[in-house]
Amino acid sequence: MHDAPHPSGASHVPTPTVGQILAAAARRLPGEEARAEAERLLAHALGVGPTWLYAHRDDVPRAEPLAEFDRLLERRLGGEPVAYLLGRRGFWRFDLEVTPATLIPRPETERLVELALERLPEGVSRRVADLGTGTGAIALAIAYERPLAHVVASDASAAALAVARANARALGLSRVEFREGDWFAPLAGERFDLIASNPPYIADGDRHLAQGDLRFEPASALASGADGLDDIRRIATGAPAHLREGGWLLVEHGWDQGAAVRDVFARADFDTVETVKDWERRDRVTLGRARS
């Protein structure tokens, strides 16, 4: 991968090394994650793992992958999310396929998975529903950790379900059943021990929808009414008819929506309602238990 010798007297602009390329890209990219993003994009273009970059920081990349890196870098500078550029995003113990048809899985959603697992004993068969599954992140994490559970994952988007099914196949998680439809529509007449959802919860017209990665994610997976709670109201109102006695509903929401979502749960007649913070000490998941 090092430069080939040039004829004597020929003008030559040295091709930058891996280390120089990363330093220059990190200076151009905004934000605290600039260096990490540059590394992920370059590793992807070169077809190598991230540790390779450190061991080969003095190597000179070939022209073709370097041109691909430049294309990815320009797209990132235009605002496209790294996850969409790479087609992958890490979540729980996996690397999931993502596309612009799906919401990008985020670390805070792992808190919802943890809370769900606390309510699903190991070695016991349970029925679980994941509403608005997107990439399948929640459903697949639960199925991986609780192999006896039967997990039903629904989404109104056929394109998102295609991604979720591909992720399930790649992980060998055959006990997850995917169904197309809006919220509870594909679950008619069925009851579950636990229902989990990361629904849209941003208010329509919120300025953040026009900023950063959110500009490129599907609007239908982000915004929900004037206060952002329309879909959460639908889920909380519909859930009791689909929960077994003592079954749990867990919903992710915004950091400033805890009190409002607890009120929604109370109006839907849930018991043992509480809001749990994420690892950055922000309200993140509200849960409640179906009354007997």
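Begin by selecting Arg111 and Glu114, which form a salt bridge whose closest N and O atoms are 3.1 Å apart. The model on your screen is a predicted one, so each distance in this tour is a value computed from predicted coordinates. Both residues belong to helix H6, which covers residues 109–118, and because they are 3 residues apart there, about one helical turn separates them. If you colour the pair by accessibility, Arg111 turns out to be buried, with a relative accessible area of 12%, whereas Glu114, at 23%, counts as partly exposed.

Next, select Glu274 and Arg119, a salt bridge in which the closest N and O atoms are 4.0 Å apart. This pair links distant parts of the chain, since Glu274 sits in strand E8 (residues 270–277) while Arg119 sits in the loop between H6 and strand E3 (127–131), 155 residues away along the sequence. Glu274 has a relative accessibility of 36%, and therefore counts as partly exposed.

Now move to Arg244 and Asp193, which also form a salt bridge, with 3.0 Å between the closest N and O atoms. Here again distant parts of the chain are linked, for Arg244 belongs to strand E7 (residues 243–252) and Asp193 to strand E6 (residues 192–197), and the two are 51 residues apart. Is each partner buried or partly exposed? Arg244, at 36% relative accessibility, counts as partly exposed, and Asp193, at 17%, counts as buried.

Then select Arg127, Glu177, Arg179 and Glu190 together, because these residues are joined into one network by salt bridges that share partners. Over the whole model, the count of salt bridges comes to 24. As a general point, side chains of opposite charge can pair when their charged atoms come close.

Leave the charged residues now and turn to the nonpolar interior. The largest nonpolar core has 33 residues, and those that touch the most other members are Leu140, Ile142, Val151, Val176, Phe178, Leu194 and Leu250. Helix H7, residues 137–145, gives the most to this core, with 7 residues. Apart from it lies another core, of 27 residues, which you can find by selecting some of its members, among them Leu131, Phe184, Val264 and Ala268. In soluble globular proteins, nonpolar side chains tend to be buried together.

Which residues does Leu194 contact, leaving aside its neighbours within four places in sequence? Select Leu194 and look around it for contacts that include Ala116, Arg119, Leu120, Arg127, Val128 and Ala129, as well as Leu243, Trp248 and Leu250.

For a last local stop, select Ala188, which lies in the loop between strand E5 (176–180) and E6. With 61% relative accessibility, Ala188 counts as exposed. Add Ala241 to the selection and draw a line from C-alpha to C-alpha: the two residues are 53 residues apart in sequence and 9.3 Å apart in space.

Finally, zoom out to the whole protein chain, which has 10 helices and 9 strands and whose C-alpha trace spans about 85 × 40 × 30 Å along its principal axes. Of its 292 residues, 50% count as buried, and the accessible surface comes to about 14,200 Å², of which 50% belongs to carbon and sulfur atoms. Among contacts with a separation of 6 or more, 64% are between residues 24 or more positions apart.

Notes: Residues are numbered from 1 along each chain as its sequence is written. This is a predicted model: local features need pLDDT of at least 70, side-chain atom pairs count only at pLDDT 80 or more; totals for chains, interfaces and linings use all residues. Side-chain values use heavy atoms; hydrogens and water are left out. Helices (H or I, at least four residues) and strands (E, at least two) are DSSP runs, numbered from the N terminus. Buried means under 20% relative accessible area, exposed over 50%, partly exposed in between (1.4 Å probe, protein chains only). Contact means heavy atoms within 4.5 Å. Accessible areas come from the Shrake-Rupley method with a 1.4 Å probe; for residues, only the protein chains shown count as cover. A salt bridge is a side-chain nitrogen of Lys or Arg within 4 Å of a carboxyl oxygen of Asp or Glu. A nonpolar core is a set of buried Ala, Val, Leu, Ile, Met, Phe, Trp, Tyr and Cys residues joined through side-chain atoms within 4.5 Å.
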